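Work through the exercises below with the model open beside you, and try each task before you read its solution.

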Amino acid sequence: MTVLCCPDKFRGSLTAPEAAAAMCRGVERAGYDARPLPLADGGEGTLAAILGSREGTLHSTRVTGPDGRIVEAGWAALTDGTAIVEMARASGLALVGRNDPLTATTYGTGELIAAAIAHGCRRVIVGVGGSATTDGGLGALDALGWTLHGADVEVACDVTTTFLDAPAIFGPQKGASPADVEVLEKRLRELARRFDALHGVNVASLPGSGAAGGLAGGLAVLGARIVNGFDVVAAATGFGAALEASSALITGEGKVDASTLTGKVVARVLDAARIAGRPAAVIAGAIVPAVALEVPARALNSMESSNTFRDAPLLVEAAAFDLAEELVGTTR
């Protein structure tokens, strides 16, 4: 029996590749074959997930951070000419101590995309999530000179929020007060009118255009396509073929809650396993009791440990060991 270990990241403790490796150790300790396949949904961790199963080179470029300071931001060039850009590395909330939601800029993300194109990459996957910004992508467009330079750009995201809804939905988590939200809404309305007048693109009605504070919509104005993040990562990592070649699956993430069931990695993996007739299980740092996964599951915070973040690798390994035995019973 081969168990496909295909988790998302465990935020704050394990990257997706680290979580997959820990799961594999547990499965193999139980006496079964395991295959690691880290996944992501287009947000933070997308670069690491794709590089975890594809050949490529990690590059670093000095770009403008969300608060105007210079930051070193990594991006990847795959051997097939595809670049992976994770906007959180250039314009992410984690890059600033105290965010100013009114001035935070995506300029650095535009610089990263430009660097990838200058490197010779003709396809660029931009993973959005964890942004500090609500500038409608204006900074990124300025950095790009309002052109994608002939590259095929895909914006990978896991939300359907539209452009004008971005300030109210995402602004508060970036430090925006109610008054700030009103200012940001006015700015994006004016920017949407500008986009329509200059490029004939109505971002206000485009699903997903509000991702990363409107960055997705801004790039779409230049011809980028907004795509489902999980689908992009699944295709890039060969998830479909790996699923067919496996007898069972273990997936997971840091916290399973109501948002998990809205198309994030765990839910998409369980759906795919169900369709393929493969038993599956879930490991998570925590599982909200109200969420019905309907598969075997283990929560790290219910296991014996004084510090689940510190002990996450060992706890994930132990949970995978137990679940491997349980999954074997369902395949016999």
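The exercises that follow concern a predicted model, and they deal with salt bridges and with a sheet.

**Exercise 1. Find which residue forms a salt bridge with R25, and decide whether each of the two partners is buried, partly exposed or exposed.**

Step 1. The partner of R25 is E317, and the closest N and O atoms of this salt bridge are 3.4 Å apart, which fits the definition because the cut-off is 4 Å.

Step 2. R25 belongs to helix α1 (residues 16-29), whereas E317 belongs to helix α12 (residues 312-331), and the pair thus links distant parts of the chain, 292 residues apart.

Step 3. Buried means under 20% relative accessible area and exposed means over 50%, with partly exposed in between. R25 has a relative accessibility of 38% and therefore counts as partly exposed, while E317, with a relative accessible area of 14%, is buried.

**Exercise 2. Describe the salt bridge between R29 and E317, and say where its two residues lie.**

Step 1. The closest N and O atoms of R29 and E317 are 3.1 Å apart.

Step 2. Because R29 lies in helix α1 and E317 in helix α12, this pair ties together parts that are 288 residues apart in sequence.

Step 3. R29 has a relative accessible area of 47%, so this residue is partly exposed.

**Exercise 3. Locate the two residues of the salt bridge between E244 and R278, and classify the accessibility of E244.**

Step 1. The side chains of E244 and R278 meet at 3.8 Å, taken from N to O.

Step 2. E244 is found in helix α10 (residues 239-244), and R278 in the loop between α11 (265-276) and β10 (280-287), so that the pair links distant parts of the chain, 34 residues apart.

Step 3. With a relative accessibility of 51%, E244 counts as exposed, because the cut-off for that class is over 50%.

**Exercise 4. Work out the strand order of the open sheet, and explain why two of its strands stand at the edges.**

Step 1. Six strands form the open sheet, in the order β3-β4-β5-β6-β7-β8, and their pairing is mixed.

Step 2. β3 (56-64) and β8 (225-228) each have a single partner strand, so one side of each is left without a neighbour in the sheet.

Step 3. From one strand to the next, the twist averages 30°.

Step 4. Helix α9 (residues 229-237) packs on the sheet and touches β6 (123-127), β7 (152-157) and β8, with its direction making about 80° with that of β8.

How values were computed: Residues are numbered from 1 along each chain as its sequence is written. This is a predicted model: local features need pLDDT of at least 70, side-chain atom pairs count only at pLDDT 80 or more; totals for chains, interfaces and linings use all residues. Side-chain values use heavy atoms; hydrogens and water are left out. Helices (H or I, at least four residues) and strands (E, at least two) are DSSP runs, numbered from the N terminus. Buried means under 20% relative accessible area, exposed over 50%, partly exposed in between (1.4 Å probe, protein chains only). Two strands pair if DSSP finds at least two bridges between them. Axes are lines fitted to C-alpha atoms, for helices over the stretch in contact, and angles run from 0 to 180 degrees between N-to-C directions. Contact means heavy atoms within 4.5 Å.
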